Amino acid sequence: MIELINKLEKNRTLTLDEYETLIVGRNEEYARILAEKAFETKQKIYGNSVFIRGLIEISNYCKNDCLYCGIRRSNRKCERYRLTKEQILSCCDEGYPLGFRTFVLQGGEDSHFTDDFICSVVEEIKRRYPDCAVTLSLGERSRESYRRLFDSGADRYLLRHETADKEHYEKLHPANLSFDNRMECLKNLKDIGFQTGCGFMVGSPCQTAQTLAKDLKFVETFKPEMCGIGPFIPHRDTPFAEETAGSVELTCYLLSIVRLMLPSVLLPSTTALGTADGFGREKGILAGANVVMPNLSPWDVKGKYELYNNKLTGGAEAAQNKAELEQRMESIGCKIVTDRGDFIKI
Ligand code: SAM
């Protein structure tokens with residue numbers, strides 16, 4: 001195991017079998033060694049800075065029916081909302097003085113959000129705040145649509161691949177969603193020039209060490225600028241209501257591996273990690289993550305974007321409570337910075 005960890009650190013690549021061995025053979029001691037190396041690698045590139053992103057959840061309408069997701073189309077209990085352009089812009093107006101220099105517009109696949117609409121919002125954010133980056137996370141769209149969004153000024157796009165194993169993908173999604181299309185979308189985003197984020201849930205139903213090894217190999221070869229990794233957490237009104245949540249410990253272990261394979265990747269310590277464990281965000285940062293994404297959505301909709309049970313909305317999760325997040329980061333020797341926090345190419 002130690003040889004594998006050293007090999008990963010030195011070569012930034014392992015075989016599929018080696019990734020699987022690293023996952024299956026993990027223990028506390030190896031996790032500690034990996035985390036120390038990952039944290040050190042992150043320190044060399046980004047120092048003790050933690051980048052913040054203001055997350056604006058622009059709609060919970062979704063035409064998709066992903067089996068794990070609380071805002072899936074078939075969840076009749078989900079109280080739907082959609083922000084107007086003015087509401088989205090007010091979130092940015094609130095976030096800028098708080099120190100946010102990246103705004104992330106995330107939502108379900110809501111057909112109301114035409115290219116014209118999103119482009120006009122991005123253009124207005126860029127006009128008001130030319131020193132800010134805009135990240136979009138609006139699911140699968142055509143190449144032409146991605147091109148238009150990029151041309152309107154959007155800098156980054158997050159689209160988790162969810163799992164790099166086609167059969168596993170089909171167990172998590174309805175038949176009308178295709179693994180090949182998801183992968184095609186990711187390729188298109190990168191080709192067009194977005195700083196692109198892929199990612200996956202840890203502990204999703206039917207996941208194995210083998211499918212996780214495929215995720216790691218995919219991340220290694222795709223070389224995303226960002227990678228979102230968080231534990232799966234069940235939602236009571238989905239087909240996966242009774243499934244077990246993913247582990248915080250394995251999530252952190254995988255964050256460390258990804259940091260070692262892609263030293264300058266932008267790696268969030270996710271809300272799901274903070275939800276699964278009161279100290280989850282700090283654990284993620286100590287394992288090599290360097291981004292947190294507090295929620296800037298209006299207070300009256302914060303609770304409605306419920307992807308999984310008990311998703312955090314208050315405390316350090318709320319952008320408005322940045323001081324609490326600052327304190328938490330300082331308690332582990334890190335510092336929130338006012339910065340766009342772009343990917344550093346090395
Ligand atoms: N619609 C966009 C998309 O498909 O990329 C963005 C919104 S989607 C709700 C954002 C992410 O939430 C998904 O990529 C998924 O990994 C995560 N997610 C959904 N349900 C979850 C759950 N039950 N537990 C943990 N993460 C979940």
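Hi everyone. Let's begin with Asn188, which is buried because its relative accessibility is 9%, and buried means under 20%. Before I go on, please keep in mind that this is a predicted model.

So where does Asn188 sit? Its home is helix α8, which covers residues 179-192. Setting aside its neighbours within four places in sequence, Asn188 is in contact with Arg143 and Tyr146.

Now to the ligand. How many residues surround the ligand? There are 18, and the closest are Tyr68, Gly107, Arg160, Glu162 and Ile233. Sorted by class, that shell has 10 nonpolar, five polar and three charged residues.

Let me go through some polar contacts here. A polar backbone atom of Tyr68 is 3.0 Å from a nitrogen atom of the ligand. Gly107 also offers a polar backbone atom, and a nitrogen atom of the ligand is 3.0 Å from that one. With Glu162 the side chain takes part: one of its N or O atoms is 2.5 Å from an oxygen atom of the ligand. Taken alone, the ligand exposes 560 Å², and the protein buries 93% of that.

Let's stay with Glu162 for a moment. You will find Glu162 in the loop between β5 (156-158) and α7 (166-172). Is Glu162 buried or exposed? It counts as buried, because its relative accessibility is 9%. Its backbone deserves a look too: phi of Glu162 is near 75°, a positive value in a residue other than glycine. As background, most residues other than glycine have a negative phi.

Arg12 is another residue to look at for this. Phi of Arg12 is near 65°, again positive in a residue other than glycine. Arg12 lies in the loop between α1 and α2, and at 30% relative accessibility Arg12 counts as partly exposed.

In that loop between α1 and α2 (16-24) we also find Leu14. Leu14 is buried, with a relative accessible area of 2%. What does Leu14 touch, not counting residues up to four places away in sequence? The list is Leu4, Lys7, Leu8, Tyr19, Leu22, Lys217 and Glu220. For a sense of distance, Leu14 and Asn64 are 50 residues apart along the chain, and their C-alpha atoms are separated by 35 Å.

Next, helix α3, residues 28-46. How far apart are its end C-alpha atoms? They are 26 Å apart; at 1.5 Å a residue, the 19 residues of α3 should span 27 Å, so the two values agree.

At the start of α3, a side-chain oxygen of Asn27 reaches to within 3.0 Å of the backbone nitrogen of Glu29. Just after the helix, Gly47 takes a positive phi of about 60°. Along α3 itself, the buried residues are Ile33, Leu34, Ala35, Lys37, Ala38, Phe39, Thr41, Lys42 and Tyr46. What do these buried residues pack against? Their partners are α1 (2-11), β1 (49-52), α10 (248-261) and α12 (280-286).

Since α12 has come up, let's visit Asp277, in the loop between α11 (271-276) and α12. At 17% relative accessibility, Asp277 counts as buried, because the cut-off for buried is under 20%. The side chain of Asp277 reaches the backbone nitrogen of Phe279 at 2.7 Å. Leaving aside neighbours within four places in sequence, Asp277 is in contact with Val248 and Lys283.

My last stop is Gln207. Where is Gln207? Look in the loop between β6 (195-202) and α9 (209-222). Gln207 counts as buried, with 17% relative accessibility. A polar atom of the Gln207 side chain lies 2.9 Å from the backbone oxygen of Met201. Beyond residues up to four places away in sequence, Gln207 touches His168, Met201, Val202, Leu212 and Asp215. Finally, Gln207 and Asp165 are 42 residues apart in sequence, and C-alpha to C-alpha they are 9.3 Å apart in space.

To recap two of the stops: the protein buries 93% of the area that the ligand exposes when taken alone, and Glu162, one of the closest residues to that ligand, has a positive phi. Thanks for listening, everyone!

Methods:
Residues numbered from 1 in each chain as written. Predicted model: local features only at pLDDT ≥ 70, side-chain atom pairs only at ≥ 80, totals over all residues. Heavy atoms only, no water. Helix = DSSP H or I, 4+ residues; strand = E, 2+ residues; numbered from the N terminus. Buried < 20%, exposed > 50% of the residue type's maximum accessible area, 1.4 Å probe, protein only. Contact = heavy atoms within 4.5 Å. Polar contact = N/O pair within 3.5 Å; in protein donor to acceptor, adjacent residues only side chain to side chain. Near = heavy atom within 4 Å. Areas by Shrake-Rupley, 256 points an atom, 1.4 Å probe, with all protein chains shown as cover. Nonpolar A, V, L, I, M, F, W, Y, C, P; charged D, E, K, R; others polar. Expected span 1.5 Å × (residues − 1).
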